[in-house]
Amino acid sequence: MNSILPEPYKVSYVVKNIENAKKQWQMAGFSEWTEFDYEGKKEDITIGEPFVAHFAQARINNGLVFELIQPVSGNSIWKQQLDEKGEGYHLISFSTPNNWKETVEKLKTNGAKIKVEANFDGLMWCYINIDGINRIEVTEEKVD
């Protein structure tokens, strides 16, 4: 069986407070974090609403990225998760830098529903729900 998606490269958690979450995750050995803010502006968002979020990413030994997401403003998918379910697992991410659009179209043909789609620094990404599967992200981001 041929998979539409490559190996995952990132797992994301939504949190209320990144500083507190980073301290908690230190127990698992996550100590070196890369942090950044991301403002999803109206002109960059194809599906969804404008938002601001704070991110912290740590690389696990095998190269997998572990990401914490703290919504800052806007009615983002992350804020909705906090409001409805609280902190916790958000998604698993797959990088498709050479065939993002084709991959997303195949997933849609198979019944996937796009929840958010936007451009981040020239790279497209989207969050997808598939019946029976929690949320996944498909991105053009190149993975090292």
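Contact here means heavy atoms within 4.5 Å. With that in hand, a good place to enter this predicted model is Thr 103, a residue of helix α3, which spans residues 100–109. Leaving out residues up to four places away in sequence, Thr 103 touches Ile 4, Leu 5, Thr 96 and Val 138. Buried means under 20% relative accessible area, and Thr 103 counts as buried because its relative accessibility is 2%.

Thr 103 has company within its helix. The buried residues of α3 include Trp 100, Thr 103, Val 104 and Leu 107. These residues lie on the same side of α3, because the arc they cover around the axis is only 95 degrees. Lys 101 and Thr 109, on the other side of α3, are exposed. After the helix comes Gly 111, with a positive phi near 105 degrees.

Helix α2, made up of residues 77–84, can be read in a similar way. Here Ile 77, Trp 78, Gln 81 and Leu 82 are buried. Their arc around the axis is only 145 degrees, and therefore they sit on the same side of α2. The other side of α2 carries Asp 83 and Glu 84, both exposed. Just past the end of α2, Gly 86 adopts a positive phi of about 85 degrees.

The buried side of α2 leads naturally to the interior of the model. In soluble globular proteins, nonpolar side chains tend to be buried together. In this model, the largest nonpolar core contains 15 residues, and Phe 51, Trp 78, Trp 125 and Tyr 127 are those with the most contacts inside it. Two or more residues of this core come from each of β4 (51–59), α2, β7 (113–120) and β8 (123–130). A second core, separate from this one, has 13 residues, with Phe 94, Trp 100, Ala 112 and Ile 130 among them. Trp 100 is also one of the buried residues of α3.

Trp 78 deserves a closer look. Setting aside residues up to four places away in sequence, Trp 78 touches Val 14, Phe 51, Ala 53, Phe 55, Ile 69, Pro 71, His 90 and Tyr 127. Of these partners, Phe 51 and Tyr 127 are, like Trp 78, among the residues with the most contacts inside the largest core.

Turning to the strands, Tyr 9 belongs to β1, which covers residues 8–14. With a relative accessibility of 7%, Tyr 9 counts as buried. Neighbours within four places in sequence aside, Tyr 9 is in contact with Gly 63, Leu 64, Val 65, Ser 93, Phe 94, Ser 95, Thr 139, Glu 141 and Val 143. One of these, Phe 94, is a member of the second core. Between Tyr 9 and Ala 28 the separation is 19 residues in sequence and 18 Å in space, from C-alpha to C-alpha.

Pockets come next. The largest pocket has a volume of about 260 Å³. Its lining comprises 14 residues, and those closest to the centre are Lys 10, Phe 36, Phe 120, Glu 137 and Glu 141. The elements contributing two or more residues to this lining are β2 (34–40), β4, β8 and β9 (133–139), and β8 supplies the largest share, with 3 residues. Sorted by class, the lining of the largest pocket holds 8 nonpolar, 2 polar and 4 charged residues.

The second largest pocket has a volume of about 190 Å³. Among the 12 residues that line this pocket, Tyr 9, Gln 57, Arg 59, Val 65 and Glu 141 lie nearest its centre. Strands β1 and β4 are the elements that give two or more residues to the lining, with β4 giving the most, 3 residues. By class, 4 of the lining residues are nonpolar, 2 are polar and 6 are charged. Glu 141 is thus named for both pockets, being listed at the centre of the largest and of the second largest.

A last point concerns the backbone. Most residues other than glycine have a negative phi. Asp 121, however, has a positive phi, near 50 degrees, and is not a glycine. Asp 121 is located in the loop that joins β7 and β8. With a relative accessible area of 69%, Asp 121 is exposed, whereas Tyr 9 and Thr 103 are buried.

Conventions: Residues are numbered from 1 along each chain as its sequence is written. This is a predicted model: local features need pLDDT of at least 70, side-chain atom pairs count only at pLDDT 80 or more; totals for chains, interfaces and linings use all residues. Side-chain values use heavy atoms; hydrogens and water are left out. Buried means under 20% relative accessible area, exposed over 50%, partly exposed in between (1.4 Å probe, protein chains only). Helices (H or I, at least four residues) and strands (E, at least two) are DSSP runs, numbered from the N terminus. The arc is that of the directions from the helix axis to the C-beta atoms. A nonpolar core is a set of buried Ala, Val, Leu, Ile, Met, Phe, Trp, Tyr and Cys residues joined through side-chain atoms within 4.5 Å. On a 1 Å grid over the protein atoms alone, a cavity is a set of points where a 1.4 Å probe fits but cannot get out, and a pocket is an open set with protein on both sides within 12 Å along at least five of seven lines; lining residues have an atom within 4 Å of a point. Grid points are joined across faces, edges and corners, and a volume is the space filled by probe spheres set on the points. Ala, Val, Leu, Ile, Met, Phe, Trp, Tyr, Cys and Pro count as nonpolar, Asp, Glu, Lys and Arg as charged, and the others, Gly among them, as polar.
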